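Me: I have a model to go through with you. Please take my questions one at a time and keep the answers brisk.

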Amino acid sequence: MMKVVAAAFVAVVASGAFAQERMTEDEKMAFWEQVAACYAVPEGTFDTTITVRFELDREGRVVGDLVERIGMPTVADSAVRNMYEAARAAILRCGRRGYEL
């Protein structure tokens with residue numbers, strides 16, 4: 001569970017509204033906790049790690065509902081696909097009203 005969420009906040013630092021700002025460790029943890037609250041580990045994915053990238057606007061909402069999987073081949077591995085779908089759903093669901101950053 002925590003692997004994908006940890007990867008998610010790395011993307012926030014590198015893109016969008018916060019590209020010029022660095023998140024403190026406390027801010028990273030707060031963001032991570034917001035996503036983790038919506039994330040459910042898909043069965044059979046405990047040894048799976050993915051990285052996702054997305055952009056947040058100034059209100060902390062995901063721009064264009066775009067959450068993309070990066071750094072991985074496009075294989076049809078069901079564990080990877082399930083982990084990505086769960087991560088994407090959690091990021092979008094928790095960020096519907098905007099993340100508190």
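Reply: One term comes up at once. pLDDT is the predictor's confidence in each residue, from 0 to 100. It applies here because this is a predicted model.

Me: Which element has the lowest confidence, and which the highest?
Reply: The mean pLDDT of helix α1 (residues 2-14) is 44, the lowest in the protein. At the other end stands a mean of 88. The lowest is therefore α1 and the highest α3.

Me: What is the average pLDDT of the protein?
Reply: Of the residues, 74% score at least 70. Over residues 1-20 the pLDDT is below 50, although this stretch has 53 contacts in the model beyond near neighbours in sequence. The average for the protein is 75.

Me: In what order do the elements run from the N terminus?
Reply: The protein has 3 helices and 2 strands. Read from the N terminus on, the order is α-α-β-β-α.

Me: Which cysteines does the disulfide join?
Reply: The count comes to 1 disulfide. A pair of cysteine sulfur atoms must lie within 2.5 Å to qualify. Here the S to S distance is 1.7 Å, and the pair is Cys-38 and Cys-94.

Me: How many residues apart are Cys-38 and Cys-94?
Reply: Cys-38 sits in the loop between α2 (25-36) and β1 (51-53). Cys-94 belongs to helix α3 (residues 78-94). The bond links distant parts of the chain, and the two residues are 56 residues apart.

Me: Is the disulfide of Cys-38 and Cys-94 right-handed or left-handed?
Reply: Look at the torsion about the S-S bond. For Cys-38 and Cys-94 that torsion is about 110 degrees, so the disulfide is right-handed.

Me: Is Cys-94 buried or exposed?
Reply: The cut-off for burial is under 20% relative accessible area. Cys-94 has 19%, so Cys-94 is buried.

Me: Where do Glu-25 and Lys-28 lie?
Reply: Their side chains meet in a salt bridge, 3.4 Å from N to O. Glu-25 is exposed, with a relative accessible area of 58%. The two residues are 3 residues apart, about one turn of the helix, and both lie in helix α2.

Me: Which residues are linked in a network of salt bridges?
Reply: The whole structure holds 4 salt bridges. Asp-57 pairs with Arg-61, with closest N and O atoms 3.6 Å apart. Glu-59 also pairs with Arg-61, and there the closest N and O atoms are 3.6 Å apart. The network is made of Asp-57, Glu-59 and Arg-61.

Me: Is Arg-61 buried, partly exposed or exposed?
Reply: Take its partners before Arg-61 itself. Asp-57 has 21% relative accessibility and counts as partly exposed. Glu-59 has 46% and counts as partly exposed. Arg-61 has a relative accessible area of 33%, so Arg-61 is partly exposed.

Me: What is the phi of Asp-65?
Reply: Most residues other than glycine have a negative phi. Asp-65 is found in the loop between β1 and β2 (68-70) and is partly exposed, at 48% relative accessibility. Asp-65 is not a glycine, yet its phi is positive, at about 55 degrees.

Me: Which helix gives the most to the largest nonpolar core?
Reply: Nonpolar side chains tend to be buried together in soluble globular proteins. The largest nonpolar core here has 20 residues, and those with the most contacts inside it are Phe-54, Val-62, Val-67, Ile-91 and Tyr-99. Both α2 and α3 supply at least two residues of this core. With 9 residues, the top contributor is α3.

Me: How far apart in space are Ala-30 and Tyr-99?
Reply: Ala-30 is found in helix α2 and is partly exposed, with a relative accessible area of 32%. Ala-30 and Tyr-99 are 69 residues apart in sequence. From C-alpha to C-alpha, their separation in space is 9.5 Å.

Me: Among contacts between residues at least 6 apart in sequence, what share join residues at least 24 apart?
Reply: The protein has 101 residues, and buried residues make up 41% of them. For the contacts you ask about, the share is 66%.

Me: What part of the exposed area do carbon and sulfur atoms supply?
Reply: The protein exposes about 6,000 Å². Carbon and sulfur atoms supply 50%.

Methods:
Residues are numbered from 1 along each chain as its sequence is written. This is a predicted model: local features need pLDDT of at least 70, side-chain atom pairs count only at pLDDT 80 or more; totals for chains, interfaces and linings use all residues. Side-chain values use heavy atoms; hydrogens and water are left out. Helices (H or I, at least four residues) and strands (E, at least two) are DSSP runs, numbered from the N terminus. Buried means under 20% relative accessible area, exposed over 50%, partly exposed in between (1.4 Å probe, protein chains only). Contact means heavy atoms within 4.5 Å. Accessible areas come from the Shrake-Rupley method with a 1.4 Å probe; for residues, only the protein chains shown count as cover. A nonpolar core is a set of buried Ala, Val, Leu, Ile, Met, Phe, Trp, Tyr and Cys residues joined through side-chain atoms within 4.5 Å.
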